[in-house]
Amino acid sequence: MTEAAVLRPAADDTALIQLRSVKKIYGQGESEVRALAGIDFDIARGDFVAIMGTSGSGKSTCMNILGCLDVPTAGSYRLADVLTNDLHGDGLTLLRRHYIGFVFQGFNLLSRTSALENVELPLVYRRVKLRERRAAALRSLELVGLSDRADHTPQELSGGQQQRVAIARALVTDPELLLADEPTGNLDSARTQEIMELLLDLNRTRGITIVMVTHEPDVAAYAHRVVVFRDGLIVEDSRPERAR
Amino acid sequence: MFLQTVLMALREIRRNTLRSVLTMLGVVIGVGAVIALVSVGRGATQKITEDISKLGKNLLMVSAGARVRGGASSAAQPLNMADMQAIAREISGVHAIAPGSTSMQQVIYGNKNASTQVTGTDNNFFEVRGYSIDQGRQFTKGEAQSGLPVCVLGSTVKTELFGSQDPLGASVRVGKVSCLVIGTLMSKGTAGMGQDQDDLLLVPLSAFQRRITGNNNISLILVSAEEGYDTSVVAESIRALLRQRRHLPPGTDDDFNVRDMAEIADTVTSTTTALTALLGAIAAVSLLVGGIGIMNIMLVSVTERTREIGIRLAIGAFASEVMMQFLLEAIVLSTMGGIIGVILGLVGSFFAARSLSLPFVIPPEIVALAFAFSALVGVLFGYLPARKAAQLNPIEALRHE
């Protein structure tokens, strides 16, 4: 799978994400589980979307598909106008590499590895030269306000700082899409506010499209659009009036 | 990218220094043992070959009596001067020939005495056995013919009887005969099987026959084959000649014995070579065990680092890159073990050779082979864990605790 074949430049006016009657079914016969029962929705470039729902509602499955970690059983998913259905393995990896940055609930930094090296890692796989890589990683750390912690390992950082490093890592490749899976799930309310302000700022100033899974309404309230899942279906899709 | 992956592997190894060292230990011991054992084995072979050739160049030894296995030698017609002259005259490829009748005798000088091998011979003995005169001279023609009691001392005998004194012109008592010392031999050192080649005393054959044994027999004929002649061919023609001279009918066994030192050297060498190969093979098994140790640790490592693998896959690593990372880790581990093993093996065999007073031999092809094999061990036993890592599902890997 060549990069050129996967990564056609997309027209700017199409939605970044297009899901069309996406189904995801695990297992077969009696034990069949319909994680996604047929989802249609688009996400425009520059949007900030919160996905909500109870556990088992299909929101995680949807995130995995959006993140090109998984493919739908039926229906189609286009990311930046690339149809993901026919891709697997390395093709999906190329999409992730070029369009997506991930932020996880558990931070998922490499332990015993400095913040700088953690942030550099995606660039290593993009074969960026060491000097450029260092510079880009430092810029990215600066963006999240941690340039003075570059040499610290995750163990030496607080939870909030670790999540910022993770955000810096997600940003270092300059992705169009930032996928955040319960980014504040492990943080107290003060840190939660910090991280959400940061995400909001990145969305506003850099135009990054953000899709965030959360089950906390006050976290979802930061988003421009809230999508609620239940039993593998979208039951609510709204743009709340912003309180602040 | 490759370099980057190697650096990543090195960092991973350093992160778990103790575990890495323990993992390497198997390969270190395997490679080290192979090299040390083969090196010492080669040294022993070389030493034995050298020792046997020290007895004399292309030496053949002819003695009376059949070759008997583990029993008393059968009585047989002894050899005499006529036999020796016939060999010298009729066999081609004889470079030098000397008689060598021997008898253990007590040698006394002043209040010192030594028991040594007294050999009755002539001046050809020096050439055949590769001895040279240190002080004094060889026998004169007159001494050789008349049976005058003169003698040449081996350096061990000289030291035992005279210490640092000058022995020339002194009179020593050999058995019941008083002998004038006319020369001493240069030291030749120890021959194979630890035999001291300097523990001997030479007298003219005529004197030996007349004054010590009292008969005209020769117990041993020493033949040095001409350079370029096959010693086994020369030995065979001597055998044929002696059978004829002794009127042995066809089909009967020889009642004499022609020993070819080159043949003995070959036999001993092939034996030690076989032993070396056997020891090396046993050591190679431990290299295999070391490889399994690496696989074991790498499998544990893959399980332990499932989350890390998930992260790498999620942020854009190809499965093949994850596989390469783990494979390289295994290869770096095993080649580092290989390098350390080569060094330890050589150091070990150096000291072993010194304490066993063997020559220190570096077997280059074995070093290369053991090292290459250690790298191969990394590839072979790293492959399974690496594939396991690459096949992980990123979603499940990320969820792994």
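Is A:Asp70 buried or exposed, and how many C-beta neighbours does this residue have inside 10 Å? I counted 21 of them, so A:Asp70 is buried (20 or more other C-beta atoms within 10 Å of its own, whereas exposed is 12 or fewer and partly exposed lies in between, with C-beta atoms placed from the backbone).

I noted that this is a predicted model, in which local features need pLDDT of at least 70, side-chain atom pairs count only at pLDDT 80 or more, and totals for chains, interfaces and linings use all residues. Residues are numbered from 1 along each chain as its sequence is written, while chains are lettered from A and ligands numbered from 1 in the order in which they are written.

**Around A:Asp70**

I found A:Asp70 in the loop between α2 (59-66) and β4 (74-79) of chain A, where helices (H or I, at least four residues) and strands (E, at least two) are DSSP runs numbered from the N terminus. Leaving aside neighbours within four places in sequence, I listed A:Asn64, A:Ile65 and B:Ile395 as its contacts (C-beta atoms, placed from the backbone, within 7 Å).

**The sheet in chain A**

I read the order β2-β1-β4-β5 in an open, antiparallel sheet of four strands (strands pair if DSSP finds at least two bridges between them). β2 (33-43) and β5 (82-83) stand at the edges with a single partner strand each, so one side of each has no neighbour in the sheet. Two bridges join β4(A) to β5(A), and I saw that A:Arg78 has A:Leu83 as its bridge partner in β5(A).

**Helix α1 of chain B**

I looked up the buried residues of α1(B), which are B:Met8, B:Ala9 and B:Glu12, and they pack against α11 (319-355) of chain B.

Definitions and conventions. Two residues are in contact if their C-beta atoms, placed from the backbone, lie within 7 Å.
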